[in-house]
Amino acid sequence: MELNPEGILSVGMKIGRRSADLLLIDFTGRPRRQLSTTYDYPLPEAVFGFLESGLETLFSQEPQRLRDRVCGIGIGTPFELWKWHDLSGLAAKRFSSWKNVNFFSEVAKFSDLPVFVVNDATAACHAEHLYGRGAEYRDYFYFFIGSMIGGGVALNGTVFEGNQGNAGALGAMRTTGPLGESQQLIDTASLFLLEDRLIEGGVDPGILWKKPQDWSSISRYVEPWIGTTAQELAKASLSICAVIDFEAIFIDGAFPPDVREELVARVRRYLINQDKRGLIPPVVEAAAVGENARGIGAASSPIFRQFLLNTNAGLSGM
């Protein structure tokens, strides 16, 4: 017995700091269609405009019998999005409008499909759990490194979303900066740091979001970023395992597969020399879904919550 890929279709949108992706996936998680857009900052009117026009484009390429099988729209977004910017003046005021945005009512203006909202990193964890290597371990922590680093928690064979749907928000974990100052993990292990290095070096950072991804021309900037990020992930992994005895740590992100493999290898090496007294070190593994994980995970949310057993449902609405 196996799933009919065309039995159910679902839409997912990933809202990122620099780009948004819109996907139509089948019942097995395979993207049938995908659209992308980039911006300086994700302002609400641009994001929902992209979703509205994108739905028309996605559906126009499918026969009516399959359009009738679309079961919903999943939106993967950083929670409290209005806090994730460094704008000022009028631009900051426009961005702060996210605080009053109701995703369900905004989408209802142009679509009657049910809407499901999930944290973007948790969505990526769902994608890995359903379509990647998640079945290999019962309990694991999942890192996804985008413009901002985030995470997901899998316990007893299911993704645990938490009381407010924000479990695994390890970007807020405390760490120490180069001068001993207190920082958050997002300040020491996120892609915006690499973006800043490119800008300082006079390199167009747009290469980070260009698809298909190829970072070979910026290796001189990527290499030191991998080294710093790996050290931070090694320390964070042990801190996480001091709370829950995870079997494994999965690492993925919005970067090419070769960058992911090198980052995983570095984290493993750094863990060897860390103080692990009182801890059983987890295995560190490369995730399998890749840079599309947030969009695929968002798209899987309507399927997961309507057709599969889900004891950890997060935020949803009609």
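Helix α5 spans residues 120-131 in this predicted model. The helix holds 12 residues and reaches 16 Å from its first C-alpha to its last. That span is close to the 16 Å expected at 1.5 Å a residue. Most of α5 is covered, with 10 of its 12 residues buried. The buried set comprises D120, A121, T122, A123, A124, C125, H126, A127, E128 and H129. The N-terminal end of α5 is capped by N119. A side-chain oxygen of N119 lies 3.0 Å from the backbone nitrogen of A121.

L130 belongs to a nonpolar surface patch. The other members of this patch are F307 and L308. Together, L130, F307 and L308 make a patch of about 250 Å². F307 sits in helix α9, which covers residues 293-307. The relative accessibility of F307 is 45%, so F307 counts as partly exposed; the partly exposed class lies between under 20% and over 50%.

Salt bridges in the model come to 22. One of them joins the side chains of K14 and D21, with N to O at 3.5 Å. Both partners are buried. K14 is located in strand β1, residues 9-15. Its relative accessibility is 2%, and K14 therefore counts as buried. For D21 the value is 3%, so D21 is also classed as buried. The side chain of K14 additionally makes a polar contact with the side chain of S19, at 3.0 Å. Leaving aside residues up to four places away in sequence, K14 touches S19, A20, D21, G76, R294 and G295.

D21 has a further salt-bridge partner in K211, with N to O at 3.0 Å. This pair links distant parts of the chain, 190 residues apart. K211 lies in the loop between α6 (191-200) and α7 (219-241), whereas D21 lies in strand β2, residues 19-25. The two ends differ in burial class. K211 has a relative accessible area of 35%, so K211 is partly exposed. D21, at 3%, counts as buried.

A salt bridge also connects R32 and E62, whose closest N and O atoms are 2.9 Å apart. This pair again links distant parts of the chain, 30 residues apart. R32 is in strand β3, residues 31-38. E62 is in the loop between α1 (44-60) and α2 (64-67). E62 counts as buried because its relative accessibility is 4%, under the 20% cut-off. R32 and E62 are part of a network of salt bridges that also links E6, R33 and R65.

W82 occupies the loop between β4 (70-77) and α3 (89-95). With a relative accessibility of 24%, W82 counts as partly exposed. W82 and F95 are 13 residues apart in sequence. In space, their C-alpha atoms are 6.1 Å apart. F95 is among the residues that W82 touches, not counting residues up to four places away in sequence. The others on that list are S96, W98 and K99.

Note on methods. Residues are numbered from 1 along each chain as its sequence is written. This is a predicted model: local features need pLDDT of at least 70, side-chain atom pairs count only at pLDDT 80 or more; totals for chains, interfaces and linings use all residues. Side-chain values use heavy atoms; hydrogens and water are left out. Patches are made of residues with over 30% relative accessible area and no salt bridge: like charges are joined within 9 Å, nonpolar side chains (Val, Leu, Ile, Met, Phe, Trp, Tyr) within 5 Å. Accessible areas come from the Shrake-Rupley method with a 1.4 Å probe; for residues, only the protein chains shown count as cover. A salt bridge is a side-chain nitrogen of Lys or Arg within 4 Å of a carboxyl oxygen of Asp or Glu. Helices (H or I, at least four residues) and strands (E, at least two) are DSSP runs, numbered from the N terminus. Buried means under 20% relative accessible area, exposed over 50%, partly exposed in between (1.4 Å probe, protein chains only). The expected span of a helix is 1.5 Å times one less than its number of residues. A polar contact is a pair of N or O atoms within 3.5 Å; within protein, one must be able to donate a hydrogen and the other to accept it, and residues adjacent in sequence count only if both atoms are side-chain atoms. Contact means heavy atoms within 4.5 Å.
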